[in-house]
Structure formats: C-alpha cells, structure tokens
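Dear colleague,

I am handing over the structure we spoke of, and I would be glad if you could keep it open beside this message while you read.

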Amino acid sequence: MKKMKTIEQMRPDELYQKILKQRKVDGKLFYKKYCNQFIEISCPACGQQGEVCFSKYGFEHRTCNSCGTLFCSPRPSESLLTEYYTYWKSPKLWTSLLLKTDINRKKLQYLPRVKKIISVMKEDNKKCGGVAVDVGAGSGAFAFCLKQSSFFSDIITVDLSEECISACKRLGFNAKQNLNDIPDNFAYLLTLNDIVEHLFNPYQFLVECYKKLKKNGYIAIATPNGEGFDFKIMKEKTVNITPPEHLNYFNTYSIRFLLEKVGFKVIDLSTPGKLDVQIVLKSLKSDNRILRGNEYIKFLLSQNEEVLENFQYFLSSNKLSSHMLCIAKKIRREL
C-alpha cells in the first residue's frame, strides 16, 4: 500500500511551516494597516447576505444564507490585493514553494487533472483542442502538462508575477502578464488553478474569461471547496483559510450557480482532493485540541494507513473533499 506522504511532497514541512508563520504575521499586519479601507460585499456567488461565522487575523468570514459560500467581508480592494501580492513576503514564499515542488506537483496533481480535463472535453466534443490559456500559471508546471498532452495547438500562460513569467518563458511558453493581453473569442480552453479564491470580484473576472473563449470553449477551475472535510472539521483553524490571500470559498453548489450566472454550462464537477486527511492529521499533531468534541473523527483518524487511504478516497469520490475541479462550457451569445 502506497504511503500517505503526498502532503510532504507538495508542501515540504520546513518551508511550509515558514509560510504559515509568515501568513499569520502578514495577515495581521495587513489587516491592521488597511482594515479601514476594506469594502463590504455580499456573497460573491449569489449576491445574498451572509452571517459572520468567525474571524481570522482580524478578517471577518461569513457564510451565505442562500448558497452556503464562505467568504471574507469586508475585504481589501483590488488595488490593495495587488500591493499585497507585489510587495509582501508571504506570496513570494508561496511562489518559491511552487517552484521547489514543481516536479512532484506535475506527477501527483497536474497530470491527473490535465487527463481529466481532456477526457471531459473529448467526451463532450470529440475533437482536438485549439489554443489553451493557463491563467495564473505560476512556474509553468501545469502549462507544461497541457503541452505534453499534445491535445492543444498552442499553450499560452498568464501570470502577474515577473518571476513566474520568466519561469514560463524558460519553458518556451508565450507568457503574458494580464488576461487582457488575450484577444476575445480566442481560446478553446482557459484553466484557472487556485485563482478564483483570491479574487476581489470572481464574477467580473469570470465574465472576462467568458469573453476570451471561443463559442463552445471550455473553462476548468480548480479551487477549494468550502464545504470540504478539513473546512467542516477545523473551520478557521484549517491551514486552507489564509486571508488576505484567500477570500472566496465556493462549494459544489455555489460554483455551479456562479458559472451559470456568467453564461457557462457545468459539464463536470468533482472533488479530486488528496490532502484532506493528511491536513487534519498534521494539524492534530501540533494541537490535539482541534478535534475536541469530535471523538469519532479522532477515532477514525487513529486507524491504520489503509483505512485512512480508503477514507480519503471516500471523501474525494463523494464530492466531500476540500479541493474541487469544475469544468464548464461557454453556451450563451457574447456578453
């Protein structure tokens, strides 16, 4: 039986712990410095109101009364978020982790995801793809996996970071800095890996994505599921809640609602996460109070490796993992 060491391969402990500490420091300082400029919003998926459920680093988090989306409000403006990602230390440390774990992520996460996306596209349309655009391309690892598939005529990368643009160019990609650099009605596929949870206004960004796609083009979104296992078990204590980096935690219902509102039709939605059990186990080792009142979960997580792997499979296959992949198709006329 394969050992459950995925989390160490994707999040090397020494560097990841350094990132977590820096996120806490930066989050608190950023909130203290700019909270008086934050903007109140309603649910980023359906526009309804939300009830405050907890605070982290000072940032209030709400749960939508209608669709269950977990979101941060009030939140930093787009200009403040740009400052954070440009000048603060935490995002730079995360970029260094992505570059360090490049090879492992290709094998464990990106190759299976690319295979899934292409499988869904073939089943829906049964023809080879045109141009694919990887938005928020980071090190270029996911774009490289898209290229390896030989399914697309060309791969273009988009990322705000100069370091990431340079990394993508070294891999031979046509690297852009902004989605606006992509022509309208151009791409056959847009991929957004761990992007929408960071955005001030996900709806408006997805409208722009819609414009960049050809008729019947596809969008593939990988993002946290705010109703996934570690979110439900640990709430604000999960390492996946990291303001001001993460602001939106959609779920399997609300991401569908949001995409349909833009003009997409969801054709496949899964939660292929691999880390839920390992995240909770790791947190439990550092603080055994996390699961206070959840005696059965503590008992379950004390079982042998085979049981834990089976439980992770159960979470993933029943759309209960905290990581989801949504593939949708452009169906309406141009906006």
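What follows is a short account of the sheet, the aromatic residues and one pocket.

Please bear in mind throughout that this is a predicted model.

To begin with the sheet, four strands form an open arrangement in the order β1-β2-β3-β9, and their pairing is antiparallel. The edge strands are β1, covering 50-56, and β9, covering 248-249, each of which pairs on one side only. The partner of β1 is strand β2, made up of residues 59-64, and the two run antiparallel over six bridges; within this pairing, Val52 of β1 stands opposite Arg62 in β2.

Turning to the aromatic side chains, the count comes to 19 aromatic pairs. One of them joins Tyr84 and Tyr85, whose ring centres lie 5.5 Å apart with the planes at 85°; because planes over 60 degrees apart count as edge-to-face, that is how this pair is classed. The two tyrosines can also be described by their accessibility: Tyr84, at 0% relative accessibility, counts as buried because the limit for that class is under 20%, whereas Tyr85, at 30%, counts as partly exposed, since this value falls between 20% and 50%. Both Tyr84 and Tyr85 belong to one aromatic cluster, in which they are joined by Phe30, Tyr31, Tyr34, Phe38, Phe59 and Trp88.

Two further aromatic rings have a charged side chain over them. Arg23 lies over the face of Trp94, at 4.9 Å from the ring centre, and the charged end of Lys261 sits over the ring of Tyr203, 5.0 Å from the centre of that ring.

Finally, there is the second largest pocket, which holds about 610 Å³ of space. Its lining is made up of 22 residues, and those closest to the pocket centre are Leu20, Lys237, Val239, Ser283 and Ser286. Helix α2, which spans 13-34, strand β1 and helix α11, which spans 276-286, each supply at least two residues of this lining, and the largest share, six residues, comes from α2. Sorted by class, the lining of the second largest pocket has nine charged, seven nonpolar and six polar residues. Strand β1 therefore appears twice in this account, as an edge strand of the sheet and as a contributor to the pocket lining.

With best wishes

Methods: Residues numbered from 1 in each chain as written. Predicted model: local features only at pLDDT ≥ 70, side-chain atom pairs only at ≥ 80, totals over all residues. Heavy atoms only, no water. Pairing = 2+ DSSP bridges. Phe/Tyr/Trp six-rings, centres within 6.5 Å; stacked < 30°, edge-to-face > 60°. Buried < 20%, exposed > 50% of the residue type's maximum accessible area, 1.4 Å probe, protein only. Lys NZ or Arg CZ within 6 Å of the ring centre and 35° of its normal. 1 Å grid on protein atoms, 1.4 Å probe; cavity = no way out; pocket = protein on both sides within 12 Å on 5 of 7 lines; lining within 4 Å. Points joined across faces, edges and corners; volume = space filled by probe spheres on them. Nonpolar A, V, L, I, M, F, W, Y, C, P; charged D, E, K, R; others polar.
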